[in-house]
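Q: Got a minute to go through this model with me? I'd like to start with the wording, then the contacts.
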Amino acid sequence: MDEKEQIREKPLLWSRSEVAVQLGISDRKVDELIQEGALPSMSIGRRVLVPRQAVLDWVKDQTRYNSRCVGS
């Protein structure tokens, strides 16, 4: 796989709809998360985009582990 194919496979920025699909939530909920400041976003023209890494970080921050299982 060449560099261009890798870039297309893992875009740096996701649209609100792409974020919704990745998280399994509605576009409206993505909008709420952006408005709350939970997900950083940027505008390019009329498009609102969210950094892919910000979504991954948000998921990691939201994940709660059973403290009894940690370190087992």
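A: Sure. One term up front: a residue is buried under 20% relative accessible area, exposed over 50%, and partly exposed in between. Asp-31 has 26% relative accessibility, so Asp-31 counts as partly exposed. Keep in mind that this is a predicted model.

Q: Okay. What does the secondary structure of the chain come to?
A: There are 4 helices and 3 strands. The pattern along the sequence reads α-β-α-α-β-β-α.

Q: How many salt bridges does the structure hold?
A: It holds 2 salt bridges. In one, the side chains of Arg-16 and Asp-31 meet at 2.5 Å, N to O. That pair links distant parts of the chain. Arg-16 is in helix H2 (residues 16-23), and Asp-31 is in helix H3 (residues 27-36). The two are 15 residues apart.

Q: You covered Asp-31. Why does Arg-16 count as partly exposed?
A: Because its relative accessibility is 30%, and the partly exposed range lies between the 20% and 50% cut-offs.

Q: And which side chains meet at 3.5 Å, N to O?
A: Those of Glu-32 and Lys-29, also in a salt bridge.

Q: Why are Glu-32 and Lys-29 separated by about one helical turn?
A: Because they sit 3 residues apart in helix H3. Glu-32 is partly exposed, with a relative accessible area of 35%. Lys-29 is partly exposed too, at 34% relative accessibility.

Q: What's the general idea behind such pairs?
A: Side chains of opposite charge can pair when their charged atoms come close.

Q: Switching topic. Where is Ser-17 placed?
A: In helix H2. Its relative accessible area is 39%, so Ser-17 is partly exposed.

Q: What joins the side chains of Ser-17 and Asp-27?
A: A polar contact of 3.1 Å. The C-alpha atoms of Ser-17 and Asp-27 are separated by 5.7 Å. Along the chain these residues are 10 residues apart.

Q: Now the inside. Which residues make up the largest nonpolar core?
A: It has 10 residues: Trp-14, Val-19, Ala-20, Val-30, Leu-33, Ile-34, Leu-39, Val-50, Val-55 and Trp-58. H2, H3 and helix H4 (52-62) each supply at least two of them.

Q: Which helix gives the most to this core?
A: H3, with 3 residues. As a general point, nonpolar side chains in soluble globular proteins tend to be buried together.

Q: Take Val-55. What is Val-55 in contact with, leaving aside neighbours within four places in sequence?
A: Trp-14, Val-19, Leu-23, Leu-39 and Val-50.

Q: Which residues of H4 are buried?
A: Ala-54, Val-55 and Trp-58. Seen down the axis of H4, these buried residues fall within an arc of 100 degrees, so they line one face of the helix.

Q: What covers the buried residues of H4?
A: The cover includes strand E1 (13-15), H2, H3 and strand E3 (47-51).

Q: Last bit, whole-chain numbers. What share of the 72 residues is buried?
A: Buried residues make up 18%.

Q: And what does the accessible surface come to?
A: About 6000 Å² for the chain. Carbon and sulfur atoms hold 49% of that surface.

Q: How about contacts across the sequence?
A: Take the contacts in the chain with a separation of 6 or more. Residues 24 or more positions apart account for 46% of them.

Key:
Residues are numbered from 1 along each chain as its sequence is written. This is a predicted model: local features need pLDDT of at least 70, side-chain atom pairs count only at pLDDT 80 or more; totals for chains, interfaces and linings use all residues. Side-chain values use heavy atoms; hydrogens and water are left out. A salt bridge is a side-chain nitrogen of Lys or Arg within 4 Å of a carboxyl oxygen of Asp or Glu. Buried means under 20% relative accessible area, exposed over 50%, partly exposed in between (1.4 Å probe, protein chains only). A polar contact is a pair of N or O atoms within 3.5 Å; within protein, one must be able to donate a hydrogen and the other to accept it, and residues adjacent in sequence count only if both atoms are side-chain atoms. Contact means heavy atoms within 4.5 Å. Accessible areas come from the Shrake-Rupley method with a 1.4 Å probe; for residues, only the protein chains shown count as cover. A nonpolar core is a set of buried Ala, Val, Leu, Ile, Met, Phe, Trp, Tyr and Cys residues joined through side-chain atoms within 4.5 Å. The arc is that of the directions from the helix axis to the C-beta atoms.
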